[in-house]
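Please look over the sequence and the 3D view below before reading on. The paragraphs after it go through the structure part by part.

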Amino acid sequence: MESFQRSWKGDYLFLFENLILKDFRIRYRNMSLGVLWSLINPLVMMSVMTFVFRRVIGGDDASHTPYPLFVLTGLVPFNFFTGAFISGTTSIIDNAGLIKRVPVPREVVPVTSVLSNCVHLTIQIALLLVLGAIWGVRPGLNWLWLPVIWALYVAFVCGLALGASAINVFVRDTRYVVESFNLVLFWVVPIFYSFNIIPEKYREIYRFNPVAALVMAMRNILIEGIPPAFSLVRNLAIAALVTVAAGWFIFGRLKSRFYEHI
Amino acid sequence: MSCVIRFDRVTKSFVHHAGRMLLRERLRHLFHRAPAEPFYALSDVSFRVEAGESLGLIGGNGAGKSTILNLATGLVQPDSGTIEVRGRVAALLELGAGFHPDLTGAENVRINAALMGLHRREAMEKFEEIVDFSGIRESIHEPLRTYSSGMVMRLAFAVAVATEPDILLVDEVLGVGDEAFYQKCLERIREFQKAGKTVLLASHNALLIRNFCHSALWMDQGRVVASGKSAEVMDAYQESVIAAS
């Protein structure tokens with residue numbers, strides 16, 4: 001059993017770099033506006049939501065902070081999550097050619113697919129910081145927390161993608177479950193409303209939702225200018241650890257039968 | 001002599017899963033456990049290949065040749081039996097894995113090289129050699145979709161042989177491409193053999209195996225019919241083919 005895929009002894013760093021670059025090039029080569037698309041989508045969403053929740057419906061208690069910035073700190077993590085989770089889930093099926101032809105370690109495929117989304121993410125975080133600067137958010141030492149919480153968050157999504165991509169090979173409906181889940185998630189993450197308006201009895205649930213935890217940590221850092229609450233960082237770390245362990249386990253159990261099922 | 005490929009009583013079956021990938025079928029399957037009929041691609045196959053030896057695999061469609069190559073590459077796992085493969089393997093099974101039509105030839109070469117297990121420095125050093133061997137230098141920065149299928153083949157073969165494998169697994173891919181390139185590929189395989197590398201060659205073509213391999217394995221429906229010196233096995237194989245027709 002341990003002999004399975006023993007024959008691949010390549011250069012992981014070189015491989016990841018090439019596969020991520022491949023995704024990036026394929027996505028942008030056929031777009032006249034290229035990378036601008038990564039900026040336009042969140043900007044449009046930000047404007048529409050600002051209009052709806054400030055002008056049409058009326059504001060909540062977040063009125064002291066610039067609402068567009070507030071919404072964008074929620075949208076960026078949410079967009080990354082949904083994009084990476086879906087592409088990660090379908091990654092093994094989408095890369096059937098690789099799975100059937102190259103003895104490259106299978107874990108590479110879903111992880112690459114999540115990391116490819118990090119290219120957009122970096123662009124969008126840069127946008128967030130630029131808009132923050134425009135609204136008068138000044139960089140501080142607290143920003144050193146950004147790489148920490150994002151690394152935990154990306155690991156958390158990698159864990160989910162590992163598990164879901166393996167299950168999706170055997171039950172093809174998995175991707176539709178993930179899509180529905182993402183739709184629901186939009187409402188239960190404090191994207192367009194703030195954590196403060198959530199009744200006390202539901203707050204614990206929010207703190208344990210890793211996507212919500214990241215949004216709140218981002219707001220701590222970028223809007224309130226304070227370090228992220230310890231409980232949020234701790235919960236993100238737990239979520240990352242649990243999903244990576246579970247995803248790795250599920251993937252490991254199923255990967256030897258991918259070839260026959262795709 | 002040391003043995004680099006060893007199959008010991010290897011059995012591999014496949015179950016047909018067509019139309020059983022949706023949740024509905026999964027649930028139904030839970031309640032009515034209909035035993036699926038497995039298809040034995042290989043039954044109890046044993047052989048060994050010594051370092052520097054070339055083994056030819058011959059047999060009709062469905063004989064199990066490709067399954068042997070896939071098992072040796074590590075793409076699939078056997079049901080039972082053990083497989084040992086020592087050294088770096090390059091499989092010329094289905095060339096051009098990971099090639100994408102929208103990327104240029106040069107970009108595809110890098111991706112393919114990384115997938116084949118080349119390290120960064122090796123890939124840099126070998127790039128020129130790969131382009132030279134493929135003979136398509138003038139279009140290397142054009143998108144792959146503008147290439148003819150022959151050009152794609154050349155590029156894929158060029159990357160595969162540049163990985164300097166200890167063991168070369170060859171399926172009948174060599175049938176593609178023009179005559180001149182075909183000869184170039186055969187020449188390259190000869191060079192491998194001269195350099196003391198091991199070759200496992202699967203083909204329908206008895207003449208090719210006679211010319212290239214010291215020994216041969218004749219497969220039929222997943223079982224070994226005969227094995228031994230290439231000339232003797234090919235004689236027996238060709239006799240049976242003539243007798244059957």
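What follows starts with chain B as a whole, then turns to its hairpin, its salt bridges and a helix of chain A.

This is a predicted model, in which local features need pLDDT of at least 70, side-chain atom pairs count only at pLDDT 80 or more, and totals for chains, interfaces and linings use all residues. Residues are numbered from 1 along each chain as its sequence is written, chains are lettered from A and ligands numbered from 1 in the order in which they are written, and side-chain values use heavy atoms, with hydrogens and water left out.

Chain B contains eight helices and nine strands; here helices (H or I, at least four residues) and strands (E, at least two) are DSSP runs, numbered from the N terminus. The C-alpha trace of chain B spans about 55 × 55 × 40 Å along its principal axes. Of the 245 residues in chain B, 53% are buried. Buried means under 20% relative accessible area, exposed means over 50%, and partly exposed lies in between (1.4 Å probe, protein chains only).

Two strands of chain B make a hairpin. Strand β8 (residues 215–220) and strand β9 (residues 223–229) of chain B run antiparallel and are joined by six bridges; two strands count as paired if DSSP finds at least two bridges between them. One of the bridge pairs sets B:A216 against B:G228 in β9(B). Two residues lie between the strands of this hairpin, and B:Q221 is in the turn. What is the sign of phi at B:Q221, which is not a glycine? The phi of B:Q221 is positive, about 45°. Most residues other than glycine have a negative phi. B:Q221 counts as exposed because its relative accessibility is 60%.

A second positive phi occurs at B:E164, again about 45° and again not at a glycine. B:E164 lies in the loop between α5 and β6 of chain B, and with a relative accessible area of 47% it is partly exposed. B:P165 is in the loop between α5 and β6 of chain B, but B:P165 is buried, with a relative accessible area of 0%. The C-alpha atom of B:P165 is separated by 5.5 Å from that of B:A90, although their positions lie 75 residues apart along the chain.

The next topic is salt bridges. A salt bridge is a side-chain nitrogen of Lys or Arg within 4 Å of a carboxyl oxygen of Asp or Glu, and the structure holds 22 of them over all chains. One of them joins B:E164 to B:K126, at 2.7 Å from N to O. This pair links distant parts of the chain, 38 residues apart, with B:K126 in helix α4 (residues 120–134) of chain B. B:K126 counts as buried, at 11% relative accessibility.

Helix α4 of chain B also holds B:E129, whose side chain meets that of B:R188 in a salt bridge of 3.5 Å, N to O. B:R188 is in helix α6 (residues 179–194) of chain B, and the two residues are 59 residues apart. Is B:R188 buried or exposed? B:R188 is buried, with a relative accessible area of 16%, whereas B:E129 is partly exposed at 34%. Elsewhere, B:R6, B:D8, B:E84 and B:R86 are linked in a network of salt bridges.

Another salt bridge is formed by B:R110 and A:E17, whose closest N and O atoms are 3.3 Å apart. This pair crosses between chains, from helix α3 (residues 105–115) of chain B to helix α1 (residues 12–29) of chain A. Both ends count as partly exposed: B:R110 at 25% relative accessibility and A:E17 at 30%.

Chain A also has helix α8 (residues 174–188), where A:L183 lies. In α8(A), A:T174, A:V178, A:N182, A:L185 and A:F186 are buried. They cover an arc of only 125° around the axis, so they sit on the same side of α8(A); the arc is that of the directions from the helix axis to the C-beta atoms. An α-helix has 3.6 residues a turn, so residues three or four places apart point the same way. On the other side of α8(A), A:V177, A:L183, A:V184 and A:W187 are exposed, with A:L183 at a relative accessible area of 64%.
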